[in-house]
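User: I am new to this structure and should be grateful for a close look at a single part of it. Please set out the surroundings of one buried position, and then consider the cysteines and the backbone in the same formal manner.

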Amino acid sequence: MNILSLFVAIPLLMMLILFICKDVKQIRAVMVTGASALLVLAATLVVLFIKERAVSGDEMLFVSQIVWYEPLNITYAVGVDGISVLMLVLASLIVFTGVFSSWNMNMAKEFFLWYCLLSTGVFGFFISIDLFTMFLFYEVALIPMYLLIGLWGTGRKEYAAMKLTLMLMGGSAFLLVGIIGIYYTSGHASMNLLEIANNLHIPIEQQRWIFPATFLGFGVLGALFPFHTWSPDGHSSAPTAVSMLHAGVLMKLGGYGCFRVAIYLMPEAAHEFSTLFLVLTGISVVYGAFSAVVQTDLKYINAYSSVSHCGLVLFAILMMNQTAMTGAIMQMLSHGLMTALFFSLIGLIYGRTHTRDIREMGGLMKIMPFASVCYVIAGLASLGLPGLSGFVAEMTIFVGSFQHSDLFHRTFTIIACASIVITAVYILRTIAKLLYGPVQDSHHLHLPDAAWYEKISAVFLIVGIAVMGMYPLGISDIIRDSLLPIIAKLG
C-alpha cells in the first residue's frame, strides 16, 4: 500500500475497531493508539519526503493511482509536495491533541466514530491529486460536522449546525460547478491536477467563469467575506475537539483548495480577478479583527480572530508571488496550531467555570496557572510576538505583499498590517480580564488546574508553535521548492 493511503486507512481502521469496543477505556486506547500512529506516520513522511526530494525533480512524490470510473477518467490518485506534507503534519498533530481534549466526552463511542470520519476526509483531501477524489474527501470532511455540533455542541447548537452545513454545502455547489467546468473545458481527458496543469489548457474565456466559482466555493470554507458568518456560530457551539479540528485544519482546506486548484489551474483568470478578491479578503482581515474586539464570549473572540487570520491566508495567496504565498502556507500552519491551542484551553476553562463570558471570570492565573500560562502563549503567538509562529508567518506575508510596487497592493498591505494592532487589543484585553482581573465568582477559587491529558494536548501544540517560530527556515525551504511550478504558471 502507498504510504499516503495509510493516512486514510488508519482512521477507517479505527472506526472499525471502535464498533466492537464496549467501554470507555477501550475507546480511549483505540483513539490514542490510532492518533499516535498518524503522528508517527506524518513524521516518517517528512523524513522520507526530504530524502526523496533531494534526488527527485518530480513535482509530486509518492504518486499512485487506481482507476475508479474510466468513462469519466475518475481515479483514486494521490501524491504530495512539501505543502501537502506540512498540511498532513498539522492535521495529524491536531487530531492527536483533539483526542486528549475529548477525554471525558459523553457518548464517546459515537463521538469518536464521527471524529474519525471527519479526520478521514481531511487527510484524504490533502493527499488527493484527482479533482473528483479531492471533492469526495472534501464532502466527507464536511458532512460529520452537522452531527458533531448538533449532538455534542452547546448553546444554539441546532441552529449553528444547520447554518454551517447549509452555507458550506452552498459553497460545495459552486465548487462542483467549477470542477465540472475544469474537466470539460480542458478536453475531458483527465481529472488529474498535474495532467490538466501541464498537458491541457483551459481557455481564458472559460476561466473567467470557472475561476470565480472555484475560488468562491473554497473561499466559503476559508471564511471569505461576506460568506464567513457560519464560522463564529459554528465554532461557538462545537465541542472542543471539533472546534480544534475545524478551525485548525478544516478551514485550511479552503485556502489549500484556492491555492491548489483555482490559482494553479487558471492562472490567467487569477490575475484578472485578483483585485476583486483582494478587496474581499482585505475586508475579512480587518472586519474579523474588529469584530473580535467587541466580543465577550471566549469562543466568539477566537472565531472572529480565525476569520481575520484565514482572510490573511487568502489575501497572501492572491498576491501571487513566491514570498507572499510562502507566508500564506506558513500562516495556515501557524493559525492551525494556535487556534487549536486556544480552543483546547477554552474548553478546559468552560468545563470548570461553566461560562465563556470574560466578564464573569477573573484571576485565573492564580487559580489555574498552567492553563493560564498556555493561554498567554497562544495569545502572544496570535498577535505576532517574535520567536513564535505567528511572527514569521505574518512578516513573510507582509514582506511579500509589499513587493508589489503599485498603490493598490501597497495600500491594502498597509491596511492588513493594521490588523496586528487590532489583534493586540483584543488579545491583551482578554488576557487582562480573564487571567489578571479580580475573581468574579467565589466558586472559581477552588477550580482544579489542567489534568494530565489536557496538559499533553497543550504541550504538543506549544512545542509546534515554538519550533515553527524559532526554526522557520526549514519549513519555508520545503514550501518554496513546492511553489516553483505554481509560480512558473503565474508568470
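Analyst: A residue is called buried when its relative accessible area is under 20%, exposed when that value is over 50%, and partly exposed in between. The model discussed here is a predicted one.

By that cut-off, serine 306 is buried, because its relative accessible area is 0%. Serine 306 belongs to helix 12, which covers residues 298-317. Leaving aside residues up to four places away in sequence, serine 306 touches Ala247, Met251, Gly311, His335 and Thr339. With one of these, threonine 339, there is also a polar contact: it runs from side chain to side chain, at 3.3 Å.

The cysteines come next. A disulfide is a covalent bond between the sulfur atoms of two cysteines. A search of the whole structure finds 0 disulfides, and the distances for two cysteines show why these two remain unpaired. For cysteine 258, the closest cysteine sulfur is that of cysteine 310, 11 Å away, which is too far for a bond. For cysteine 417, the closest cysteine sulfur is again in cysteine 310, but at 18 Å, so this pair is also too far apart for a bond. A disulfide would need the two sulfur atoms within 2.5 Å. As to their surroundings, cysteine 258 is buried, with a relative accessible area of 0%, whereas cysteine 417 is partly exposed, at 27%.

The backbone has some particular features as well. Phenylalanine 225 and proline 226 are joined by a cis peptide bond, with omega at about 0 degrees. Proline 226 is placed in the loop between helix 8 (204-221) and helix 9 (230-237).

Positive phi values are found in two residues that are not glycine, namely phenylalanine 62 and methionine 320. In phenylalanine 62, phi is about 55 degrees. That residue lies in strand 1, residues 61-69, and it counts as partly exposed because its relative accessible area is 22%. In methionine 320, phi is near 55 degrees. Methionine 320 sits in a loop, the one between helix 12 and helix 13 (322-353). Its relative accessible area is 12%, so methionine 320 is buried.

Helix 12 thus links two parts of this account: serine 306 lies within that helix, and methionine 320 is found in the loop between helix 12 and helix 13.

Notes:
Residues are numbered from 1 along each chain as its sequence is written. This is a predicted model: local features need pLDDT of at least 70, side-chain atom pairs count only at pLDDT 80 or more; totals for chains, interfaces and linings use all residues. Side-chain values use heavy atoms; hydrogens and water are left out. Helices (H or I, at least four residues) and strands (E, at least two) are DSSP runs, numbered from the N terminus. Buried means under 20% relative accessible area, exposed over 50%, partly exposed in between (1.4 Å probe, protein chains only). A polar contact is a pair of N or O atoms within 3.5 Å; within protein, one must be able to donate a hydrogen and the other to accept it, and residues adjacent in sequence count only if both atoms are side-chain atoms. Contact means heavy atoms within 4.5 Å.
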